[in-house]
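Trainee: Could we go through this structure together, with you telling me what earns each label?

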Amino acid sequence: MDRERRIQGLRDRLHYIQDIFANRDDESIRLLAAKFGELMERHETIPGGAKREELVRIEDLFDFSERKLDTTLTPMDRVRIVRHPQRICLKDILENVYDNYTEIGGRGEYNIDPSMLIARAVFSRRVGDKVINQMVMVIGQEKGHGEAFRNGGSVKPWGNAKALHYMKVAETENIPVHAFVFTPGAYPVEDWPGAAQQIARNLYELAGLRVPVISVFSEGGSGGAEAIGLADRRIMLSHGYYSVISPEGAAAIEAGLRSGDRTTPELIEKCARQLCITAEDNLRNGYVDRVLQEPPLGARPYHYDFFHELRRELIQTTNEVVSSVKSMKLYRAMAVRTSKTDDAESIYMRWTLSSSALDRLVDLRQRKFRAMSRHARLDGTGVVSRAVAATKGTVWAAHSFLRYDLLGRQKKRLNAMFEDLGAEAHLVRHKVFMPLKKTLDRVLPGNNGEQPKVGVAVVDRLTRLSCPEDGACLVGSEWAWTSPRSQEDRTISCPNVRTHHCPDLWVPDLFGDFAGVCPSCGHHFPMEYRWYLENVFGYSEAKEFNRQLESVNPLGYEKFDTKLDKAKERTGLKSACITFETSIEEVDTVVAVLCAPFRGGSVGAAEGEKFIRAAERATRKRQPFIAYVHGTAGIRIQEGVNGVIQMPRCTIAVRRYIDAGGLYLVLYDTNSYAGPVASFLGCSPYQFAVQSSNIGFAGPGVISETTGTAVPPNYHQAYHALSRGHIHGIWDRREVKKNLHQSLLTMGGRNLYYR
Amino acid sequence: MLNIKELLDKVKASPYREIVVRAPHTGVVSFASVKPGEKVHGPRGEFMEKPGTLLAQLTREKNEKPILAPEKGVIEAVHTRFEGQFVEAGEPLVTIKHYMTRKEVIELILQEALYLFRAPERAKYYFVPEVDQKLKVSGKRSVKVHDGMEFLIVSRMKRETPLAYSGPEGIIYSVYFGRGENVDEGEPLIGVCPEDQLSVIQDVVARIQSEWEEEV
């Protein structure tokens, strides 16, 4: 029996090798196949079967060849390793790394989302002569090889919601979270709680989660990975990948394919190489903290040494995170840092942290992400300007502190007191003087006259809702900026003509006076971002900052330089993000605009950095922060992980800003998809959309390609997003300014200067 | 009483509908490259999101408007004399011969032959328990309705009122609403067939099912 098992093992290894090196013609693989074929032949013909020594010899040959082949792995081979059914999965890790575990929140098919696995796990070990048990919350995607219901580790929104729920449980119980990223990407369904919006919520909560979080990356596909991957320490398995998009997806975009067509394997291979997705690339760029070496050709469930190594690594990393913020660490901190061997197990450190230590932990995590991706953008600001900006920042912060915190708070308190006193006095006066007044009214002649009735028209005007159709709340036709399209002498048909019977519109009217809105049905034609800049945000009088931050090509992606240069030349911008300070009806605000004409409004390192700086500026100046999204296609894939890392980075910035008491408003226009919506935009408590905007996680093409089901043409329409609860209101374009002002006055946090 | 045979003969004599595509408004016409005898298709796709074949372009005030085939069929005539001309609204541009599908023919005959009882208001409709049971156990065509018979329940916003049938006596031949489905005002609820005509109608439907060639 043992012999049969060993032969089966060899067969699996051979198949594995052949699968990984898909169609590559390699001498070693041919040799292995031939040797194994010979062995099988002999095993079947000779009654005694293969001899023990022969088996040992051929196993050695397999070991040797695997080591040799391991050195020739290309990035795409690694992708195939990670996706292979023989690859270790989370269940294997739970079985082999932890000493005991209890799956919670569902098991197998009986689960909210079987692709997200949650377990309470325990490390039991002997330190000195004591046995200690340390609890952790394990959260991760389970690929469940061969289990179709696991959906290959593609988590649906409710799965991510489940993960968030148990992160909160871990926070309550003060135990560390170990997150295992085993996902090719999130499943793109928009049903409540919404793929994008739920990832955004997860990121937002993780940005301030008050427990140590360690994440292990095996297969990290974009948004799905980020939903649980924002961690204090990120360990990456040496044969894993972490990328903004799957190589196939990148190749499809590169080749400009329509859905249904297939790209060539060469192009996919090339994209995998260019995207810099391997563990070494990510370590070099600083997006993971450590790489854990796997056995040759990747870890499989029988590599028990690897599990042991992973266990040591997890314990040591958790110790490290804890010791970096613990007040009482003494000699142990040093021991933790230096331990490279098995003695990580012998160092005992309580993983429950005090409140002050948790504050330090969160702060450290936020700083860590703030410092990332510096190399992936160009800062053209001179040394002097930078120094001036830094000084200014300090002065603003000090000024805000003095004016709004030190003095402002006292003033607010006084005001509140006077208000209360005034209200009391009013009541007292009312009680005392009212009977007197009534008597006087009765006694004195000529004073019992009736009050003049308020006219019906006045009452009507005061109580009726605003209606843009009547022109009641419109500014009129005098827009500060009109689209150049309004110069054309022609008409255009409204797309709703079949249902609403709209008359054809004369273009100068439509884009001039009507601001691109059909006066008959309210359909919004797409409008240039300049229109909003001038008519809503008063850009000509605004103060732009960080103009010199420039998008570059950090990975040296082929032909991307020319594409970038073209975009820069055409739009006159250096990146897709414009940040400026302006005043909306005399309320000073900081605005960040993502404009679609620059590479689809995609977000890369420069855009992320600008966004973060804008949020920081708003914090320092105690001003509201508005993100106007003219359009965004998602994360810029040509920047690879440099782009994806902007999701946690910007979310952290937004979280810091909101925690500091600011008002963060998001306004969507035209098409907003993917990464940004699934992070720093989607986490805003106030998100509004201009009519006819489309909001979602993946576009219709990607959805039909990945899930195999077509979505209705208006699936992502703003009204549907509203009914699903993703956004909180829909605005008419002509009323954006009025509504923004209204929101600034009625919503938001405690630290705004004008409150 | 309706002569079903006559009706069927009429359909058979001309098994198609002629669709005349007219200019929706004034403008200059330029025809796409469609010729008589060519096949065209109507809107397709799961959500009818893919537009039909382009027949012509109508330009008014530099606004080009495509004119698309509304249904599947064969081009009968293209009024090419209007090519490059300014036409008035309603001018016929293309004629499409739409061969009726099996379903359409059955529907057509049923609509003519049956008495359609229509929904008096937008609401959900249910059969009263006795009728419902009978329908479930013995299938459609087992229930006979007569004038004044209370056989439906109108359910709207938790208000449930009985609804009496009014019309000629007969057998429920087809039911046009589903359980828990909102039916708009004026939409047919059931089709009623006089008892003596039942076998004739069933015959006709069976014949169309087997003989009619044109499918969806």
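Mentor: Gladly. Two strands are said to pair if DSSP finds at least two bridges between them. Keep in mind that this is a predicted model.

Trainee: What makes strand 13 and strand 15 of chain A a pair?

Mentor: The cut-off is at least two bridges, and strand 13 shares 2 bridges with strand 15 (residues 577-584) of chain A, so the two count as paired, in the antiparallel sense. Within strand 15 of chain A, A:Phe580 is the residue opposite A:Glu544.

Trainee: Why is strand 13 of chain A called an edge strand?

Mentor: Strand 13 (543-544) pairs on one side only, and strand 22 (730-731) of chain A does likewise. They end an open sheet of 7 strands in chain A, whose order is 13-15-16-17-18-20-22 and whose pairing is mixed.

Trainee: Close to one of those edges sits a histidine I was curious about. What makes A:His726 count as buried?

Mentor: Buried means under 20% relative accessible area, and A:His726 has 2%, so it qualifies. A:His726 belongs to the loop between helix 26 (718-724) and strand 22 of chain A.

Trainee: Which residues are in contact with A:His726, leaving aside its neighbours within four places in sequence?

Mentor: A:Glu190, A:Pro193, A:Gly194, A:Gln197, A:Gln687 and A:Ala721. In addition, a polar atom of the A:His726 side chain lies 3.2 Å from the backbone oxygen of A:Glu190.

Trainee: How do you know that A:Thr278 is buried or exposed?

Mentor: Use the cut-off again: A:Thr278 has a relative accessible area of 9%, and under 20% is buried, so A:Thr278 is buried. A:Thr278 is in the loop between helix 10 (265-274) and helix 11 (279-285) of chain A.

Trainee: What makes the link between the side chains of A:Thr278 and A:Asp281 a polar contact?

Mentor: The limit for the N or O atoms is within 3.5 Å, and these two side chains are joined at 2.8 Å, so the distance passes.

Trainee: And which residues further along the chain does A:Thr278 contact?

Mentor: Beyond four places in sequence, the partners are A:Pro75, A:Arg78, A:Met236 and A:Gly240. Take A:Met236: A:Thr278 is 42 residues from A:Met236 in sequence, while their C-alpha atoms are 9.3 Å apart in space.

Trainee: Why is A:Gln638 called buried?

Mentor: Its relative accessible area is 6%, and the label needs under 20%, so A:Gln638 is buried. A:Gln638 lies in the loop between strand 17 (625-629) and helix 22 (641-644) of chain A. Setting aside residues up to four places away, A:Gln638 touches A:Glu254, A:Asn553, A:Leu555, A:Tyr557, A:Phe560 and A:Arg599.

Trainee: How many residues of chain A as a whole count as buried?

Mentor: 53% of its 755 residues. Chain A has 27 helices and 22 strands, and its C-alpha atoms fill a box of roughly 130 × 70 × 60 Å along the principal axes. Among the contacts in chain A with a separation of 6 or more, 74% join residues 24 or more positions apart.

Trainee: On to chain B. Why is strand 8 of chain B described as largely enclosed?

Mentor: Because 6 of the 8 residues of strand 8 (residues 92-99) of chain B are buried.

Trainee: What makes strand 8 of chain B a partner of strand 1 of chain B?

Mentor: At least two bridges are needed, and strand 1 (residues 16-22) has 7 with strand 8 of chain B, so they pair, running antiparallel. Strand 6 (residues 73-78) of chain B also pairs with strand 8 of chain B in the antiparallel sense, over 4 bridges. B:Val94 in strand 8 stands opposite B:Val21 and also opposite B:Val78.

Trainee: What makes strand 14 of chain B mostly covered?

Mentor: The count: 5 of the 6 residues in strand 14 (residues 170-175) of chain B are buried. Strand 14 of chain B runs antiparallel to strand 11 (residues 144-145) of chain B, with 2 bridges, and to strand 16 (residues 188-193) of chain B, with 4 bridges. B:Val145 has B:Gly170 as its bridge partner, and B:Ser174 has B:Gly191.

How values were computed
Residues are numbered from 1 along each chain as its sequence is written. Chains are lettered from A and ligands numbered from 1 in the order in which they are written. This is a predicted model: local features need pLDDT of at least 70, side-chain atom pairs count only at pLDDT 80 or more; totals for chains, interfaces and linings use all residues. Side-chain values use heavy atoms; hydrogens and water are left out. Buried means under 20% relative accessible area, exposed over 50%, partly exposed in between (1.4 Å probe, protein chains only). A polar contact is a pair of N or O atoms within 3.5 Å; within protein, one must be able to donate a hydrogen and the other to accept it, and residues adjacent in sequence count only if both atoms are side-chain atoms. Contact means heavy atoms within 4.5 Å.
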